[in-house]
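Trainee: I'm new to this one and a bit lost. Could you pick a single part, look at it closely with me, and then show me how it fits into everything around it?

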Amino acid sequence: MAQLLEQFINGLVLGGIYALIAVGYTMVYGIIQLINFAHGEIFMFGAYLALMLVTVFNIPFWIAVPASMLLCAMLGMLIDLVAYRPLRDAPRLSALITAIGISLVLQNLARMIWSARPQLFPTETLPAFLISEVNMQTGEILNAIPLPGGGILPYRDVSILLLAVVLMIALNRLIYLTKIGKAMRACAQNRVASNLMGIKTNQVIAVTFAIGSALGAVAGIMVGLSENITPTMGYYKGVAAFAAAVLGGIGNITGAMLGGIIIGLAEVFGAGYISSGYRLAIAYIIMIAVIVIRPSGLFGKSTANRA
Amino acid sequence: MKDKLTPKTITFGLLVCFLPLLMYGVDDIVDFLSQYDIYLGWPGGEYMLRIIVRACVYMLLAVGLNIVCGFTGLLDLGYVCFYLIGGYTAGILMARLGVSYWIALPLAVLHGTVWGLLRGAPTLRLTGDYFAIVTFGFAELFFRIVRNEQWLVGAPNGQLRGIPSPTLFGITFSQNWHNYYHIIILLTLVIFITYRLQHSRVGRAWVAIREDEQAAESMGINVSRYKSLAFAVSAAIGALGGGFIAQFQVSISVPFFDFWESILILCMVVLGGMGSIRGAMIGAAILGSLGEVLRPGFIIPYQFGNARYLIFGIILILLMRFRPGGLSLKKA
């Protein structure tokens, strides 16, 4: 029972991270109908940039997180400007192949800059409350909430979940209450018509890339708190997050959030109770099943043209 | 590809036929010159032949992928799974069950074809991005199954060792020049079949589906049937390449068939120009040999690892931006 609870919390934390990445995929797809393969790589860059800021430049963790978000937002806009904008009216296949190309370039660039060696945030660079431990002799629990049944819930996981929820609510408010959010929704409905109505669609798309990339960067740092940072993490986690976006109905932001939680839980429970070797395969199976059986996703409206 | 015997085609044919002799001939010249302390940067005929054989395998795969990507216009991001199925089917049959290569290879091709059809069936309705994602997921699943199911391969990580070379009439075909002629025969066969298909009713139906699926259907083309046929032929060619590479490499393991291999083959097809057999082959020849030159430790320092993929990525981006029709002059 205690194990079940702990697994459940792990699944929720992973799901929150996936939701943050999935939102980036789904927002871009909603507006320009492009699977932004490079999004996983931006997420990986977010983790590496923050790591570099705290280790090489000795910047406090609290400043490194927003700085990394900002840098990734700029990277996302740069990719859109250089690679995707010239292809806006080209066949969708061209844009998709370009996205794969960007992904290849970024992943191997990361390997050249930071090497393929797995890295972790050094503990001394992190704020104290993110490091929880249990003193074996005294049974004293540091920076964690004891769970019934003997497990612990580290403050790190609590803060990841809280931050993910706060960012999600903020994004939701941004999209439904602000002017730029309205413009984004308009572009998602019909880009040409929005342009005719005087909305600067290219700016709106750039903002979409920036927001998605910044959220991806946060997710990357969250992963870096508990797992190794590697150049391929963007690829693996990116695909799982994409599965979440598909599950929620691609283009549907609330769907992506819920899809992220479902994929996170499925992955943790699958790895725990079925086989750890098939950890990622579970996300792939869900993704294929959703696309084949219900391409509009669990929460999406069925559209004739997408499937 | 015209059926005419011009001096150009004859020279090309002779070159293809006598390439191993040429390679060994250069070896002799280099040996001769080295007696007089003249050293050329020649890596050796055997090594060159191995690279050429590998490039030929890529050509085979590129021609196979081109059927789905180029002719029917669907982006296949998991082509490597047929390569993997072919490789492991032939490899397991030969190394673990002692089946002769001449039986194992057709079985591998058959197995690949079956999976091509099985994968194709649920994806017939899908277009564009969704098809690409399903193919990608499918390949990743196969990759994981071979890696995790140890009873299948008999070793962790899909390590399959000691795949025997094919024998016929008491001769063992293990030399590099044997493999060269072997792959040339397979490649010629595949090109012949693909070429005939392309210029038949089937090929025209494929292109019609690519241009406008609904219009093709209203003209009486059975879209599902022709798409399934494309999947089957493409998968069969991939599995053939896998069956060959298994005995050529002697040992295979899963990293050999990862996602980036799919992307590499896709890159070849895109470089040459999608929808053209010759383009796919030229693309495969360029990137196949470029990949060899850019291997870690040769021009690129070791610590940069597989930086050749960085260059492949740049090639993809630049091509899509400036020449979406590929290197061939035909406009897409």
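**Chain B, up close**

Mentor: Sure, let's take chain B. If you look at contacts in chain B between residues at least 6 apart in sequence, 75% of them join residues at least 24 apart; two residues are in contact if their C-beta atoms, placed from the backbone, lie within 7 Å. Before going on, bear in mind that this is a predicted model, where local features need pLDDT of at least 70, side-chain atom pairs count only at pLDDT 80 or more, and totals for chains, interfaces and linings use all residues. Residues are numbered from 1 along each chain as its sequence is written, with chains lettered from A and ligands numbered from 1 in the order in which they are written.

How sure is the predictor here? For chain B the mean pLDDT (the predictor's confidence in each residue, from 0 to 100) is 82, and 92% of the residues of chain B reach 70 or more. For the model as a whole, the scores are ipTM 0.81 and pTM 0.83.

Now for the layout. Chain B comes to 13 helices and 2 strands. Helices (H or I, at least four residues) and strands (E, at least two) are DSSP runs, numbered from the N terminus. Along its principal axes, chain B has C-alpha atoms that fill a box of roughly 75 × 50 × 45 Å. Of the 332 residues in chain B, 45% are buried; a residue is buried if 20 or more other C-beta atoms, placed from the backbone, lie within 10 Å of its own, exposed if 12 or fewer, and partly exposed in between.

Chain B is also split up into domain 1 (1-42) and domain 2 (52-322), with bounds that come from an automatic or database domain assignment. Taken over C-alpha atoms, the centre of domain 1 of chain B is 29 Å from the centre of domain 2 of chain B. Where these two meet, domain 1 of chain B puts in 4 residues and domain 2 of chain B puts in 6 residues.

Let's zoom in on one residue, B:Gly288. You'll find B:Gly288 in helix α12 of chain B, which runs over residues 277-293. Why does B:Gly288 count as buried? Because B:Gly288 has 23 C-beta neighbours inside 10 Å. Set aside the neighbours within four places in sequence, and B:Gly288 is in contact with B:Arg54, B:Ala55 and B:Tyr58. As for B:Pro166, that residue is 122 residues from B:Gly288 along the chain, and 25 Å separate the two C-alpha atoms.

One of those partners comes up again if you turn to B:Met268. Not counting residues up to four places away in sequence, B:Met268 touches B:Tyr58, B:Ala62, B:Ala280, B:Gly283, B:Ala284 and B:Leu287. B:Tyr58 is thus a partner of B:Gly288 and also of B:Met268.

So much for the inside of chain B; what about the side that touches chain A? There, 33 residues of chain B are in contact with 33 residues of chain A. On the chain B side, two or more residues each come from α5 (128-148), α11 (259-272) and α13 (308-322). With 12 residues, α5(B) gives the most to that side.

It's worth a look across at the partner too. Chain A has 11 helices and 4 strands, and the C-alpha atoms of chain A fill a box of roughly 70 × 45 × 35 Å along the principal axes. Buried residues account for 50% of the 307 residues in chain A. As for contacts in chain A between residues at least 6 apart in sequence, 73% join residues at least 24 apart.

The mean pLDDT of chain A is 85, with 94% of its residues at 70 or more. There's a stretch to treat with care, though: over residues 302-307 of chain A the pLDDT is below 50, and beyond near neighbours in sequence, this stretch has 7 contacts in the model.

To finish, here's a residue of chain A to set beside B:Gly288. A:Phe61 sits in helix α3 (residues 61-84) of chain A. Buried, exposed or partly exposed: which is A:Phe61? A:Phe61 is partly exposed, because 16 other C-beta atoms lie within 10 Å. Leaving out residues up to four places away in sequence, A:Phe61 touches A:Val54, A:Thr125, A:Leu126 and A:Pro127. From A:Phe61 to A:Tyr278 there are 217 residues in sequence and 34 Å in space, C-alpha to C-alpha.
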